[in-house]
Amino acid sequence: MPTNLYLASASPRRSELLSQLGYAFEQFSIDADESPLAGETAIQLVERLARLKAQSGVAKGYTDRPVLGSDTVVVIDGEALGKPRDKADFISMMRRLSGNTHQVMTAIALADPNKVLSQVVTTDVTFKELDDTEIEAYWQTKEPQDKAGGYGIQGLGGRFVTEIQGSYFAVVGLPLYETDELIQRFLNNYE
Ligand SMILES: Cc1cn([C@H]2C[C@H](O)[C@@H](COP(=O)(O)OP(=O)(O)OP(=O)(O)O)O2)c(=O)[nH]c1=O
């Protein structure tokens, strides 16, 4: 019998990636307040949000199977970038990413009424230098709007990436190997 899970996410990309692992699951979305707490580092933020999404699912009554929550942030010079608020925010994000290496941190968390397990996967991504015309043209495609850091490596944003070190799948939204491993650990009751 296939393992049954819940996926606490509105993201179609996370759903596609989880399907790739072969697990049966039902998806629902969680409205989490994603603002950072005072003094919170990017790694603490992303892990707290993944746990919050998973545990909110349990609190909503999804208690008969493990709930998977996940969160992605783009980190440059230690600062977490979420989804661009507007065009000006997007332009300033792209200017910071241009010609530099940043980190994409994706956290995964599994929860049931008795326990929660989580992990953060960090990937280094290097961008070529971008000029303002390219940045403007990319905004017009509408791809950046719902994406942490304002780009999608799996879409038109892939052309900006000169190098990646780590998990491509984590950058898209769900690290396949680590998610599979965490699910197995959770089911085997390892802490
Ligand atoms: C950097 C990058 C991010 N992203 C996406 C992954 C996430 O879906 C999104 C980050 O936002 P998140 O807040 O982590 O996720 P979400 O709001 O899409 O979904 P939910 O909270 O319901 O799970 O950005 C890409 O698709 N490609 C990329 O290259």
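Entry 1: strands. I began with the rule for pairing, under which two strands pair if DSSP finds at least two bridges between them. The model I consulted is a predicted one. I looked up strand S5, residues 101-111, and found that 11 bridges join it to strand S6, residues 116-127. S5 and S6 run antiparallel. I noted one pair in particular: Ala107 has Val120 in S6 as its bridge partner. I then traced the link between S5 and S6, which is a hairpin of 4 residues.

Entry 2: the other partner of S6. I found that S6 is also joined to strand S7, residues 161-165, by 4 bridges. S6 and S7 run antiparallel. Here I recorded Val125, which stands opposite Ile164 in S7.

Entry 3: the ligand. How many residues surround the ligand? I recorded 22, and the closest are Ser9, Ala10, Ser11, Ala148 and Ile153. I next asked which elements supply this shell. Helix H1 (12-20), strand S3 (67-76) and helix H5 (168-172) each give at least two residues. The largest share, 4 residues, comes from S3. By residue class, I noted 8 nonpolar, 10 polar and 4 charged residues in the shell.

Entry 4: Asp71. I looked up Asp71 and placed it in strand S3. An unreviewed UniProt entry carries the annotation "active site" for Asp71. Is Asp71 buried or exposed? Asp71 is buried, because 25 other C-beta atoms lie within 10 Å, and the cut-off for a buried residue is 20 or more. Leaving out residues up to four places away in sequence, I listed its contacts as Val46, Leu49, Ala50, Lys53 and Ala107. Ala107 had already appeared in my notes as the bridge partner of Val120.

Entry 5: the nonpolar core. I recorded 49 residues in the largest nonpolar core. Which of its residues touch the most other members? They are Val46, Leu68, Val73 and Leu110. I followed Leu110 further, setting aside its neighbours within four places in sequence. Leu110 is in contact with Ala54, Pro66, Val67, Leu68, Val116, Leu117, Leu182, Ile183 and Phe186.

Entry 6: Glu26. I closed with Glu26, which I found in strand S2, residues 24-28. Glu26 is exposed, because 11 other C-beta atoms lie within 10 Å and the cut-off for an exposed residue is 12 or fewer. I also looked up Leu5, which lies 21 residues from Glu26 along the chain. The C-alpha atoms of Glu26 and Leu5 are separated by 6.6 Å.

Terms used: Residues are numbered from 1 along each chain as its sequence is written. This is a predicted model: local features need pLDDT of at least 70, side-chain atom pairs count only at pLDDT 80 or more; totals for chains, interfaces and linings use all residues. A residue is near a molecule or strand if its C-beta atom, placed from the backbone, lies within 6 Å of it. Ala, Val, Leu, Ile, Met, Phe, Trp, Tyr, Cys and Pro count as nonpolar, Asp, Glu, Lys and Arg as charged, and the others, Gly among them, as polar. A nonpolar core is a set of buried Ala, Val, Leu, Ile, Met, Phe, Trp, Tyr and Cys residues joined through C-beta atoms within 7 Å. Two residues are in contact if their C-beta atoms, placed from the backbone, lie within 7 Å. UniProt positions are given in the numbering used here, feature names are shortened, and annotations may be inferred rather than shown by experiment.
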